[in-house]
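Let's take a relaxed walk through a protein model, one feature at a time. Keep the 3D view open and click along as you read.

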Amino acid sequence: MWILPLVGYLGSVLGFCFLTLAIASGLYYLSELVEEHTVIAKRLLTRLIYSIIGLQLVLLVVDGLPVILTLLGVGSHVVYLGNMRRFPFVRLTDPLFLTSCVLVLVNHFFWFRHFSGLQQQSYSRLSSMYDQPDIPSFTEIASFFGICVWLIPFALFVSLSASDNVLPTIGSEQPSHLDGGKNKRQGMVKVIVDSVLSAIGEVSRLAGWKKPAEHF
C-alpha cells in the first residue's frame, strides 16, 4: 500500500492543526474571561493554590509521597502565590516570575524521575510474570501532574496580562492608561496568538497568497 499511508499522514497533520486551533481558541476565550472578571479570577486562583498545597500535604501523610519533593511542591506554590501581588499584570524581568518559570521545570523533572524510578523498582521486585506491580496507574500519575504540577502555572499563564498589547512592553512597571484613564491591557495568551496571526498574515502577504487591502 502506497496511497493509504499518505492519507494517514495527511489526516494526522490536519488533525494536529485543528487541535492546535481549538486549544488556541479556548485559551483566547479564557484570557478574555479573566480580563472581564479580574477580581473573581484572582480570588479563584488564590484559593486554588491553597487547595493544592493542602492536597500535597494530604498525599504526603496518607499515600507516603516523598517529603523532599512534597516540600519542593509546596514551596513552589508559595512562590506562585507571590505572583498574585500584581495580578493580572506581570514583568518578565521580575525575579519572582523567573523563579516561578524555573520551578515549574524543576518540579516536573523531579516528580517524573520519582515515578519512573518507582515503576522500575516495582517491576524489578516481581517474582513471577503473573504478579501485578504495586505502582500508580497512568491515570493517577497524569492527574497528579495535571493538578499538582501544571495546573497553577498554566492558569497563571492564561491569566497574566501584558501592558500596551505588545510583547516587548510587558516589562513596564505600570500599565499604560489610555482612553480616558482606562487600562489598556491584554492577556499574554491573546498577545501571543495575535502576534502569531499577524506574522502569518505578513508571511502570506510577502508570499503573494494574500493581497494587501486597497484603500480608497
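## Starting with one ring

Phe145 has a relative accessible area of 10%, so it counts as buried, given that the limit for that label is under 20%. Keep in mind as you look around that this is a predicted model.

Who does Phe145 pair up with? Phe145 forms an aromatic pair with Phe115. The two rings sit 6.1 Å apart, centre to centre, and their planes are 55 degrees apart, which makes the pair tilted. In the sequence these partners are 30 residues apart, with Phe115 in helix H4 and Phe145 in helix H5, so the pair links distant parts of the chain. Phe115 has a relative accessible area of 9%, so this residue is buried as well.

## The rest of the aromatic cluster

The structure holds six aromatic pairs. Another one of them is made by Trp111 and Phe144. This one is edge-to-face, with 4.7 Å from centre to centre and 65 degrees between the planes. Why does it get that name? Planes over 60 degrees apart count as edge-to-face, so the 65 degrees between Trp111 and Phe144 put the pair in that group.

Just like the pair you met above, this one links distant parts of the chain: Trp111 belongs to helix H4 (residues 95-124) and Phe144 to helix H5 (residues 138-149), 33 residues apart. Are these two buried or exposed? Trp111 and Phe144 are both buried. Put the four rings together and you get one aromatic cluster, made of Trp111, Phe115, Phe144 and Phe145.

## The overall layout

Time to zoom out. The protein chain has seven helices and four strands. Reading from the N terminus, the order of elements is α-α-α-α-α-α-β-β-β-β-α. The chain has 216 residues, and 29% of them count as buried.

For a look at how folding brings residues together, find Pro66, which lies in the loop between H2 and helix H3 (67-82). Pro66 and Trp111 are 45 residues apart in sequence, and in space their C-alpha atoms are 9.6 Å apart. Pro66 has a relative accessibility of 24%, so it counts as partly exposed.

## The largest pocket

How much space lies in the largest pocket? The answer is about 330 Å³. A total of 18 residues line the largest pocket, and those nearest its centre are Leu59, Asp63, Leu65, Pro136 and Glu140.

Where does the lining come from? Helix H2 (38-62), H4 and H5 each give at least two residues to it. H5 supplies the largest share, six residues. Sorted by class, the lining of this pocket has 12 nonpolar, three polar and three charged residues.

## A salt bridge and a cavity

The structure holds one salt bridge. In it, the side chains of Asp94 and Arg85 meet, with 2.8 Å from N to O. Check how far each partner is open to the outside. Asp94 is at 9% relative accessibility, so it counts as buried. Arg85 has a relative accessible area of 52%, so it is exposed, as the limit for that label is over 50%.

Now look for a closed-off space. The structure holds one cavity of 30 Å³ or more. The volume of the largest cavity is about 90 Å³. Which residues line it? They are Gly82, Asn83, Arg85, Arg86, Phe89, Val90, Arg91, Asp94, Leu96, Phe97 and Leu160. You may recognise Arg85 and Asp94 in that list, the two residues of the salt bridge. By class, the largest cavity has a lining of five nonpolar, two polar and four charged residues.

## What about the cysteines?

How many disulfides does a search of the whole structure find? It finds zero. Even so, you can look at how open to the outside two cysteines are. Cys17 has a relative accessibility of 37%, so it counts as partly exposed. Cys148 has a relative accessible area of 4%, so it is buried.

Note on methods:
Residues are numbered from 1 along each chain as its sequence is written. This is a predicted model: local features need pLDDT of at least 70, side-chain atom pairs count only at pLDDT 80 or more; totals for chains, interfaces and linings use all residues. Side-chain values use heavy atoms; hydrogens and water are left out. Rings of Phe, Tyr and Trp (its six-membered ring) pair if their centres lie within 6.5 Å; planes under 30 degrees apart count as stacked, over 60 as edge-to-face and the rest as tilted. Buried means under 20% relative accessible area, exposed over 50%, partly exposed in between (1.4 Å probe, protein chains only). On a 1 Å grid over the protein atoms alone, a cavity is a set of points where a 1.4 Å probe fits but cannot get out, and a pocket is an open set with protein on both sides within 12 Å along at least five of seven lines; lining residues have an atom within 4 Å of a point. Grid points are joined across faces, edges and corners, and a volume is the space filled by probe spheres set on the points. Ala, Val, Leu, Ile, Met, Phe, Trp, Tyr, Cys and Pro count as nonpolar, Asp, Glu, Lys and Arg as charged, and the others, Gly among them, as polar. A salt bridge is a side-chain nitrogen of Lys or Arg within 4 Å of a carboxyl oxygen of Asp or Glu. A disulfide is a pair of cysteine sulfur atoms within 2.5 Å.
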